[in-house]
Amino acid sequence: MCGIIGYVGDRQAAPLLLEGLDKLQYRGYDSAGIAVRDDQKQISVVKTSGKLEVLVAKTDSGRTIRGRCGIGHTRWATHGEPSGVNSHPHVSCDGKVVVVHNGIIENYAEQKEKLKQRGFTFVSATDTEVAANMLAYYYRKNGNDPQKAIAATMLRIKGSFAFGIMFEDYPDIVFAARNDSPLVVGDANDGYLIASDTHAILAYTKKIYYLNNMELAMITRDGVSFLNIDLEPVSKVPSEIAWDSNSSDKGEYDHYMIKEIEEQPKVVQQTLERYIQNGKIDLGISQLNDSHIKGINRIYILGCGSAYHAAQIAKYQIENLTSMSVETEIASEFRYRNIRLEPSSMVIVISQSGETADTLAALRRAKESGVFSLAIVNVQGSAIAREADGVLYTCAGPEISVATTKAYSAQLAVIYLIAIQLAYVKNMISEQKYKSYIGELSELPERIRECIKCSEKIKDLAVAISGSHHAFYIGRGVDCAVAMEGSLKLKEISYIHSEAYAAGELKHGTISLIENGSVVIGIITQRRLAEKTLSNIQEVKSRGAYVIGISNNCLEQMSEVADVMVSIPSTDDFFAPSLAIIPLQLLAYYVCVAKGMDVDKPRNLAKSVTVE
Ligand code: F6R
């Protein structure tokens, strides 16, 4: 989704803004632009559709626009096609206000009509230009007071926004405001910054302030001040970000995705080490202590996309160990459900970014019911992390590739910890079993490392199936949840249509699609269900399917049925999802490479989905 950056300080703004936009590319975009104010206080706006390189070339890497104060934007089109005129920054028709925006102004049509009647004109199809003109209108109406203009505009907007704003009459100040779209303020040695996420400004500062909903910020070269919507001062303490700015570099790798796949043993280890101390799991940091656990009878787990698939794994694993009732739901559906949550329920939301609009809304919906909410989140200080009652951070570091891999694996690690701890505290597993699980967990990073070694075999396999138009992923029980994630990985980056099914479900309709050469990926890691799934694999095989088997060799006959077998190391079945997913991630990656697609930035997708 759109990315925002702003800077006021000693440096030349344009090169810094372009560098920040470069870091924001991973969020997904189709056009980009910057506005910089020179020493004569003139504001230059340069914007263009297409890749950031076009903007970089147009401004000679920022050298053609001089000035130490500016704002920049990467746009992911919502209202109006990707084009130069629809790109941000947008300027009000009187030239007084320049704006960059992330979010959606739901009542933009109504506001646009009112502004037109007042004589305002528009050149673009965007909701953001409406905001620029609203700001200009309320600026004039409030005696050229920028703060009053921003507050009045914020109060009249329905929807989500993060704004970076410059007023012609207020040189050397960048104003910022937010409601439901992410925005942070960074305190660098030579000035101040605003950005959609910390990753964009990590090279300049690790000292970050978080803006809450309906708050404003003003940054100058020498300081920052915060106001609430009534324009009363708000005091804030900055947080120190733990991430290293180098951790988001691609290094020697061709793509972020393969770098992040290979980082999985390390991030799983770091995540486990955070919560296992002296051979015991300690989740107390998230408020999920033993006495709290004893009172929980039902769990709802919510997320979107891969985070929802992680939730599915959690459902199987918690139910397997505890017999507790666990429901999972896609966050965008849960938020509109008419459901009453009993006080003994716990809601777990899973999100890498911590900013996914639907997951945030689902969390708020759960909180309205007064139940305890726990977030599994990767990005420190993100909205979901701040709003949930408790947080368990995954230690995956910055994830840049749009297709998640390492954050998903770190989420699984946290899920195992929760399941084991719930079972232990509720006396559903013995002390001995608890210890044996923790022992197995300590081996998990190494097992994942072994899985990654199958890369060469997967590369050949990927070339073989890269011409396919469809693929089917099947599995039973928790393997079905793994199949869902494997299927999403393939389709989102290689554009091959793929579907995941519970293995027993195929024969209720979908098997009619199977013909000679149809690609079917069968996953078998659960001993107690292995023979059942094998029968389903035999069913597709006998109808001509080309079967790729992913298994921990729990069933010998599997290798006789599959056309190609990819073996994963043996571990307790409970942890097998963390291993089975590795060849599926690699398969998606190498198919995408074989097809020559943009691995890290697949079409139409955004890393952080901050609109509904
Ligand atoms: C797929 C993928 C997405 C995200 C989803 C939720 O590879 O990355 O499906 O999992 O958009 O994002 P977060 O986890 O940031 O809430």
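Mentor: Two strands pair if DSSP finds at least two bridges between them. Strands are DSSP runs of E with at least two residues, helices runs of H or I with at least four, both numbered from the N terminus. This is a predicted model, where local features need pLDDT of at least 70, side-chain atom pairs need 80 or more, and totals for chains, interfaces and linings use all residues. Residues are numbered from 1 along each chain as its sequence is written, and side-chain values use heavy atoms, without hydrogens and water.

Trainee: How do you know that β9 and β11 pair?

Mentor: Count the bridges. β9 (residues 184–188) and β11 (residues 207–210) share 3, and run antiparallel. At least two are required, so they pair. V185 has Y209 of β11 as its bridge partner. For V184, the partner in β11 is Y210.

Trainee: What makes β11 and β15 a pair?

Mentor: Here 2 bridges join β11 to β15 (residues 239–240), again antiparallel. That meets the threshold of at least two, so this is a pair. K207 is bridged to E240 in β15.

Trainee: Why is β15 called an edge strand?

Mentor: β15 pairs on one side only, and so does β3 (43–49). Look at the order: β3-β2-β4-β1-β10-β9-β11-β15, an open sheet of 8 strands with antiparallel pairing.

Trainee: Now the ligand. What makes a residue part of its surroundings?

Mentor: One heavy atom within 4 Å of the ligand is enough. There are 14 residues around the ligand, and S351, Q352, S353, T356 and E492 come nearest. Two helices, α9 (305–322) and α16 (478–494), each give the shell at least two residues.

Trainee: How do you know that T356 makes a polar contact?

Mentor: A polar contact to the ligand is a pair of N or O atoms within 3.5 Å. A polar side-chain atom of T356 is 2.4 Å from a ligand oxygen, so the pair qualifies. In E492, a side-chain N or O atom lies 2.5 Å from an oxygen of the ligand. For K489, a polar side-chain atom is 2.9 Å from a ligand oxygen. Both pass the cut-off, so both are polar contacts.

Trainee: How many residues of the shell are nonpolar, polar and charged?

Mentor: The shell has 5 nonpolar, 7 polar and 2 charged residues.

Trainee: Why is the peptide bond from H88 to P89 called cis?

Mentor: Omega is near 0 degrees there. P89 sits in the loop between β4 (69–75) and β5 (90–91).

Trainee: What makes N144 worth a look?

Mentor: Most residues other than glycine have a negative phi, and most peptide bonds are trans. N144 is not a glycine, yet its phi is positive, about 60 degrees. Find N144 in the loop between α4 (127–141) and α5 (146–156).

Definitions and conventions
A polar contact is a pair of N or O atoms within 3.5 Å; within protein, one must be able to donate a hydrogen and the other to accept it, and residues adjacent in sequence count only if both atoms are side-chain atoms. Ala, Val, Leu, Ile, Met, Phe, Trp, Tyr, Cys and Pro count as nonpolar, Asp, Glu, Lys and Arg as charged, and the others, Gly among them, as polar.
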